[in-house]
Amino acid sequence: MIPDKIVEKDHPGSSAIAAISHALSVVGASVAKSTVFDHLINCYGGDDYCIKLPLPLVTLVQSGKAALGKSNCVKEYMITPRPDMPTSEAISTMAKIHESLLKAVYSKGGVSAKNLSDSGAICPVYDKPEQGLDAIADAVNSCGFEIGKDFFFVLNASAHECFDYEKGKYEVITGMLKSPDDMPDFWADITGRYPSIIGLIDPIRCEENLQWNKICSLISSRCLVIAGKAYNRPGLLKDEALDFHEFATSGVVMKADGANTITHIVECSKKMSDLSNTIILADGLHTTNNTLLIDIAIASQARFIKMGAPVRGERIVKYNRLVELDAELGERRGQWSPLKFPAIPPKAPTPTPTPEKGLRTGDNTPTKE
């Protein structure tokens, strides 16, 4: 029997912590008569801080266990531009790619295929993961660009969602079960056939840390192995001991909501960056027109910012803010270098099963992980 994962206890009002932290940062910037990101940089980085705009990580397709079709092993298909592509060109092109993909899906599936997820992603019916990769590659090519050269894939596997707790296996495709020992070769095969995949989020549950480690050894020469659900929220992760351990990551996803303060995110980002981890800052599910996420990403030196698809006002305003900042910053702005592989750090924090007392992000229902 697979035990329930120990969850952090809720504390009344904990869901307001991020909102209060955000409000204080805006007030502080107003008092200092500066932009919010400049205020945060002064608080956390000082004069030697290198300002880099986060690279947009755009969700084009939503799939997975909760979606139509048989393919369960990829929840989100995302793309990101090469680091030297101008921000305005990257964002406008990814909007065209999203539109081209939508037209292709619509032509095959009819009106119902135009359904979009809460993040604005397209929700087609896929029976195997390769279909999403091929469809997006075709959409990129139709816009005059090349996947693997101008744009790259990052996949959110969200493996805990396709895990069958009764059978102890992953249902990667409906009716196709894979044991934890099978998963490293499964992902090595896909990433090997699609070298344009440069990031894989939660390819397996963190409880299978030996198999996680094997995935790292098989694909880290070409692909980031990123922890989304594996680590606790930044407020807990920043206090975890740093010891040599078999559990390694080359990236971490953090969200600026719930019980996560800006201080926690920035401190955790610095800690994980020192461990050669790539930082991804993600927007919450119920997003608004507020663009503060961009300022937090700059202050925490997040390489990627994950905000969903380039549709609907609450997301378009954020993408537009990135374009505005690209023009405003001018010579102040630094540029990201290409990712370096192999991308596994020499050590990483061990995921801690025992939570800090008092606070918890997310719903109140323990998940079997």
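## Barrel, cores and a small cavity

About 40 Å³ of space lies in the second largest cavity of this predicted model.

User: How many cavities of 30 Å³ or more are there, counting that one?
Analyst: The second largest cavity takes up about 40 Å³, which puts it in the count. With the cut-off at 30 Å³ or more, the number of cavities is 2.

User: Which elements give two or more residues to the lining of the second largest cavity?
Analyst: The lining is made up of L55, P56, P81, R82, P83, M85, T87, A90 and R333. Set those numbers against the elements that give two or more residues, and you land on β1 (55-62) and α3 (87-109).

User: In what order do the strands of the barrel go?
Analyst: The chain has 10 helices and 11 strands, and 8 strands close into the barrel, with mixed pairing. From one strand to the next the twist averages 30°. Going round, the order is β1-β2-β3-β7-β8-β9-β10-β11.

User: Where β3 meets β7, which residue is the bridge partner of L155?
Analyst: Strand β3 covers residues 151-156 and β7 covers 197-201; the two run parallel and are joined by 4 bridges. In β7, the partner of L155 is L200.

User: And which residue in β8 is the bridge partner of L200?
Analyst: β7 and β8 also pair in the parallel sense, this time over 3 bridges. L200 already has L155 as a bridge partner. In β8, its partner is V225.

User: Which residues of β8 are buried on the side away from L224 and I226?
Analyst: In a regular strand, side chains alternate between the two faces of the sheet. In β8, L224 and I226 sit on one side, and both faces are covered. The buried residues on the other side are V225 and A227.

User: At about what angle does helix α6 run to β8?
Analyst: Helix α6 (residues 209-219) lies across β7 and β8 (224-227). Taking the N-to-C directions of helix and strand, the angle to β8 is about 150°.

User: How many residues does the largest nonpolar core have?
Analyst: In the chain, 53% of the 369 residues count as buried. I79, I136, F151, W187 and L281 have the most contacts inside the largest core. F151, leaving out residues up to four places away in sequence, touches I79, T80, P81, M85, A90, T93, M94, I97, V140, F145 and E146. Its core has 88 residues.

User: How many residues are in the other core, the one with L55 and F152?
Analyst: That core lies apart from the largest one. Among its residues are L55, M78, F152 and V253, and its size is 15 residues.

User: Is F186 buried or exposed?
Analyst: F186 is in helix α5 (residues 183-193). Beyond its neighbours up to four places away in sequence, F186 touches C73, V172 and K178. Its relative accessible area is 14%, and because the limit is under 20%, F186 is buried.

User: What separates the C-alpha atoms of F186 and I215?
Analyst: Along the chain, F186 and I215 are 29 residues apart. In space, their C-alpha atoms are separated by 9.3 Å.

User: What about S179, is that residue buried or exposed?
Analyst: S179 is in the loop between β6 (176-178) and α5. Leaving aside neighbours within four places in sequence, S179 is in contact with K169 and Y170. Its relative accessibility is 18%, so with the limit at under 20%, S179 counts as buried.

Methods. Residues are numbered from 1 along each chain as its sequence is written. This is a predicted model: local features need pLDDT of at least 70, side-chain atom pairs count only at pLDDT 80 or more; totals for chains, interfaces and linings use all residues. Side-chain values use heavy atoms; hydrogens and water are left out. A nonpolar core is a set of buried Ala, Val, Leu, Ile, Met, Phe, Trp, Tyr and Cys residues joined through side-chain atoms within 4.5 Å. Buried means under 20% relative accessible area, exposed over 50%, partly exposed in between (1.4 Å probe, protein chains only). Contact means heavy atoms within 4.5 Å. Two strands pair if DSSP finds at least two bridges between them. Axes are lines fitted to C-alpha atoms, for helices over the stretch in contact, and angles run from 0 to 180 degrees between N-to-C directions. On a 1 Å grid over the protein atoms alone, a cavity is a set of points where a 1.4 Å probe fits but cannot get out, and a pocket is an open set with protein on both sides within 12 Å along at least five of seven lines; lining residues have an atom within 4 Å of a point. Grid points are joined across faces, edges and corners, and a volume is the space filled by probe spheres set on the points.
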